[in-house]
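The following exercises ask the reader to trace how strands are arranged in a protein chain. Each task is followed by a solution in steps.

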Amino acid sequence: MAAGFVDGYHLVVCRALLDRRLAAPVILLAPWCSRSLRTFDVAGRLVRIRRMTPKSGTHSIGPSNGQLTVNTYVGGMGSKMGHDLVLEAKNWSGTLNLDPDNPSASSVQVTIDPRSLEVIQASGGLKALSDKDKKEIAQNQDKTLQTDKFPEITFQSTSVSGNAPRLSVQGDLTIKGTTRPVTLDVTAEESGGQAQVTGKTKIVQTEFGIKPYSKMGALKVKDAVDLQINLSLPSA
């Protein structure tokens, strides 16, 4: 086996086997080929495997290099009248301390302005959302989240486990003055020379003292919502 570091990527050379029943080579990875090495570049009988490795160190994160979204879903007897929404936080910031060689030493902190949440996508419903509808949604959000009293939503990691490209980030999420533990499922892929990192979790609004929106008792926003953060980070 030949191995080395080339252009910042871990390089492993594996053998390929040509299956004559197919007009293409079939790649057989030896046990020492890490499952995290997922991008293949086949040349003859050699396989170059590139592993996404985000650059270690401290990264400032926010709208300039990431996106933070919330997905809400309608339920109840009148659900056909309502819309499933994707809201994006336009004003947020954070710090990511990253150690790819020792993920447990990594950490992340994020602060979100809940007043900056805007509808960027709506699906379902009997008609498209109007600007008036979006304005009413924003007013209901401010009222529900009591943004005058609680102007920030925060997340602070407490531990990181797993191995790239899949990690589990545990932390404390504070919404409307209530702090609860949450777990983000994090994946990382390479695209365009950048490390694309995605973190996802599901939260229950009532656990944070939030009463989901309801109209006439027939149209309701479901209690569970999905949170997602996407980051574009430099590769090592």
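**Exercise 1.** Determine which residue of β13 stands opposite T111, and describe the strand pairings of β13.

*Solution.* Step 1: T111 stands opposite T154 in β13. Step 2: Strand β11 (residues 107–112) and strand β13 (residues 153–163) run antiparallel and are joined by four bridges. Strands are DSSP runs of E with at least two residues, helices are runs of H or I with at least four residues, and both are numbered from the N terminus. Two strands count as paired if DSSP finds at least two bridges between them. Step 3: β13 also pairs with strand β14 (residues 166–175), in the antiparallel sense, over nine bridges. In this pairing V160 stands opposite V169. Step 4: The connection from β13 to β14 is a hairpin through two residues.

The model is predicted: local features need pLDDT of at least 70, side-chain atom pairs count only at pLDDT 80 or more, and totals for chains, interfaces and linings use all residues. Residues are numbered from 1 along each chain as its sequence is written, and side-chain values use heavy atoms, with hydrogens and water left out.

**Exercise 2.** State the order of the strands in the open sheet, and explain why β6 and β12 each have one side without a neighbour.

*Solution.* Step 1: The open sheet consists of eleven strands in the order β6-β10-β11-β13-β14-β15-β16-β19-β7-β9-β12, with antiparallel pairing. Step 2: β6 (57–61) and β12 (117–123) stand at the edges and have a single partner strand each, so one side of each lacks a neighbour in the sheet. Step 3: On average, neighbouring strands of this sheet are turned by 20° against each other, direction ignored. Axes are lines fitted to C-alpha atoms, for helices over the stretch in contact, and angles run from 0 to 180 degrees between N-to-C directions.

**Exercise 3.** Identify the bridge partner of A89 in β12, and state which strands helix α1 touches.

*Solution.* Step 1: Strand β9 (residues 84–89) is joined to β12 by six bridges, and the two run antiparallel. Step 2: The bridge partner of A89 is L117. Step 3: Helix α1 (residues 131–145) packs on the sheet and touches β9, β12 and β14; a contact means heavy atoms within 4.5 Å. The direction of α1 makes about 125° with that of β12.

**Exercise 4.** State how confident the prediction is.

*Solution.* Step 1: pLDDT is the predictor's confidence in each residue, from 0 to 100. Step 2: The protein chain averages a pLDDT of 81, and 76% of the residues score at least 70. Step 3: Over residues 1–50, pLDDT stays under 50.
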